[in-house]
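Got your viewer open and your mouse ready? Let's take a walk through this one, stop by stop.

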Amino acid sequence: MRRQRPTLIAVSTLIAVTLTTAPTPANAAPSDQVTALTAHQADGYTTLAWQPVDGATDYQIERTPVDADNTPTGAPTIVGIWRPNRQINQHAPTFADAGYNPGDTFQWRVRARTGTTEQSYSDPVTATTTAPWGNPTTPGEQLRTGWETTHAAQYTTDTDEYAYTAAIDALSDRVRVVELGRTVQNRPINMMVIGHPTPAATPEAVAATAPVAINCNVHGNEPGDREACLIMARQLAFSTDPRITDLLSHTTVLIVPTINGDGRANNTRGNSTGQDLNRDYSLIRQPETTAYITMVRDYRPVAGYDGHEFGNSRAGDLPMLPPRHQNVAQPIFDQSQDMIEGHMYAKGAEAGWWACPYGCEGGGNVGLSEETILRNTLGLKNVTNSLLELRSSGGQTRPDEGNTTNNRRRKTYSALWTFHQFLDYHRADRADILKARSEAIETQAANTGRLVFRGSRPIPAHPAPHPGDSPPPLDAPPADLILDNPPCAYKLTDAQYNGARTDGPGGVGTTVAQRIAAHGWKVITIGDDHYIPLNQPERGLIPLLLDGKGVEKLTDGERVYPTLTGRRNGPLAVTGFTCADDATINGPVTVRAGAALVTTATTISGPLTAAGAAGILLADSTINGPVRIATTGTISIIDATIAGPVDLSGNTTGTDAPVLAGTTIRGPLNCTGNNPTPHNLGIANTVHGPRTTQCAAL
């Protein structure tokens, strides 16, 4: 059961907060008048809160610009409508007003409406809003984006973005900018790696910090999140606030401001080939998506957010959605929902932002199960994550956003709020996130349960009351897209694996082999055949690309089912490709040169030896004896129990690092002379004995 988050939340010390309360009138207020109006100032927005009025249908929020003497300098404007379905706590209404130039001074009033009848306004409150973050005279802090310097009249250009991020990199020891790749039109795809006091030096070292990743601008004509990411990068790079330094001391923040640089420069949804990149994260036909997925492979973020904008004017401020695909491991789905329902809904209710499921009112067919969408791809890669949609227009609840700059401000500052809350959630729930990830990887590697080629988990409507809300549809899997009997592996011919493809830019695509490598899957090659076992962490994604039932697949791989089940007594010499599932082998097992052994739910009572093997993948298995592996093939041992010493020495596996994760070894662990060094996917092993240098940290 998902934990319920408390609705009382401490306001971050990062945000400069002031509180203004309406004066107490000499006489009692009319029963229909809003009372106790307060205004909290934060980064780019003001949280207005008041006492509810009995029988009120909704509330109108009025804002008036004033000078230092509180004299109006412009006309009062209705900037917001508060409705009961905005938040989970109906008895403490709040509204986040963000449609103004930060640093200016305003007066606010709120009045209730009963039906269409307008009641008395509250007494006014006046306050100066929080100026853009960063002291204008302090190096680093003084940096501003093009969006900020034009007061939201223009978005930051690509050249301004590169100059801004380069300046942050040069002025802050906390930041390292790395180039993940290039767009089709040769624009750099940069990522800011941010940590305190400095970021870890290598992708593997960053992965050890349980990093978080924010993808800010996949659709080029949806730049609101990107502007928020650029502002937040400055805050993370230079703030001395204890909250920021604490966050960055316990993780690494990975920010990709613009994965779709060509689309941003041309203000188009897709990239320069017209490809919607958010329909390509599994297929990785484009260089932009390949760059991001390769980053996920190397840096192994444990949590992520993916920023978008949503054209439905009836939706909430911040529609969100977890990875829904039914092949996503249950712990990842649950943790993602906890982040949204348990954290974002509650904190949104306090801050005044309307967070809701993607769709909210009149959502239609949104948020389905395509594995090509980043939130689903990340979920299938065991990353707790959420989609973020910024409602593109003000709609009925923000009537002043016909003003373009005010609309842009609301979108960007609501995204900035969300991303900071995301970091706070990771800081508070890191242990739960890592536990969910470990459980998901072990569950996936066990290769049990049906496979679904399309189909989503249900998403409930915003917590009641939610009149008119329409959560994403069920998207139940049809019978012909369910595989109840999953194979052990998929076999590809060399033509399928290494053959030329035409599904990339300009009719030239990378090979299946290159895409599988970008995903980071283990491959066993025997002769001209290439086997991709399913007892791997991304078991739920592999069939979607390699099975004949795949809706958006790379190729039709041949299903390979277990060749060894049940009980077998006596020594076993493995030749060719052998898959053992739910087997008991009473005797020593020798994997001969050029052969491969793949096991799930299998017990071997005797030593296991492999010299020159093409591959050894053990998952959810028990070996009652010593294990000795020395090979140039692929190695993966996940969630195994080994009652004896383990020797992984002299393995030279190219770029494919051996994996030893979540395994209990009742004996010594010797790891010497391996190139590359084995790693544990961030899941610690339990070793009852000494460990040598290469495996000391595993």
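Start by selecting Val627 and Val646, since Val627 stands opposite Val646 in strand S36. Before you go further, keep in mind that this is a predicted model.

**Stop one: strand S36 and its partners**

Val627 is your way into strand S33, residues 627–630, which runs parallel to S36 and is joined to it by three bridges. Now select S36 itself, residues 646–649. Which strand is joined to S36 by four bridges? That's strand S39, residues 669–672, and this pairing is parallel too. To find a spot where you can see it, click Asp647, which stands opposite Asn670 in S39.

Next, show the side chains of S36. In a regular strand, side chains alternate between the two faces of the sheet. Here, Val646 and Leu648 are on one side, with Asp647 and Ser649 on the other. Are these four residues buried or exposed? All of them are buried, so both faces of S36 are covered.

**Stop two: a disulfide that starts in S39**

Stay with S39 and select Cys671, then add Cys695. These two form a disulfide, with their sulfur atoms 1.8 Å apart. Cys671 lies in S39, while Cys695 is in the segment after strand S40 (686–687), so the link ties together parts that are 24 residues apart in sequence. Look along the S-S bond: the angle about it is -80°, and the link is left-handed. Both ends are tucked away, as Cys671 is buried and so is Cys695.

How many disulfides does a search of the whole structure find? Three, so let's go and visit the others.

**Stop three: Cys488 and Cys579**

Select Cys488 and Cys579, which are joined by a disulfide with an S to S distance of 2.0 Å. This pair links distant parts of the chain, 91 residues apart. You'll find Cys488 in the loop between strand S19 (482–483) and strand S20 (489–493), and Cys579 in strand S26, residues 577–586. Why is this disulfide right-handed? Because the torsion about its S-S bond is about 110°.

Try a surface view here. Buried means under 20% relative accessible area. Cys488 has 4% relative accessibility, so it counts as buried. Cys579 counts as buried as well, because its value is 2%.

**Stop four: Cys216 and Cys229**

Now pick Cys216 and Cys229, whose sulfur atoms are 2.0 Å apart in a disulfide. Cys216 sits in the loop between strand S12 (212–215) and helix H4 (224–238), and Cys229 belongs to H4, with their positions 13 residues apart in the numbering. The link is left-handed, with -95° about the S-S bond. Both cysteines are buried.

**Stop five: the largest cavity**

Keep H4 highlighted and add helix H10 (404–445), because H4 and H10 each supply at least two residues to the lining of the largest cavity. A search of the whole structure finds six cavities of 30 Å³ or more, and the largest holds about 60 Å³ of space.

To see what surrounds it, select Asp43, Gly44, Pro102, Thr130, Ala131, Pro132, Trp133, Glu148, Ile231, Gln235, Tyr413 and Leu416. Try colouring them by type: what kinds of residue make up this lining? Seven are nonpolar, three are polar and two are charged.

Note on methods: Residues are numbered from 1 along each chain as its sequence is written. This is a predicted model: local features need pLDDT of at least 70, side-chain atom pairs count only at pLDDT 80 or more; totals for chains, interfaces and linings use all residues. Side-chain values use heavy atoms; hydrogens and water are left out. Buried means under 20% relative accessible area, exposed over 50%, partly exposed in between (1.4 Å probe, protein chains only). Two strands pair if DSSP finds at least two bridges between them. A disulfide is a pair of cysteine sulfur atoms within 2.5 Å. On a 1 Å grid over the protein atoms alone, a cavity is a set of points where a 1.4 Å probe fits but cannot get out, and a pocket is an open set with protein on both sides within 12 Å along at least five of seven lines; lining residues have an atom within 4 Å of a point. Grid points are joined across faces, edges and corners, and a volume is the space filled by probe spheres set on the points. Ala, Val, Leu, Ile, Met, Phe, Trp, Tyr, Cys and Pro count as nonpolar, Asp, Glu, Lys and Arg as charged, and the others, Gly among them, as polar.
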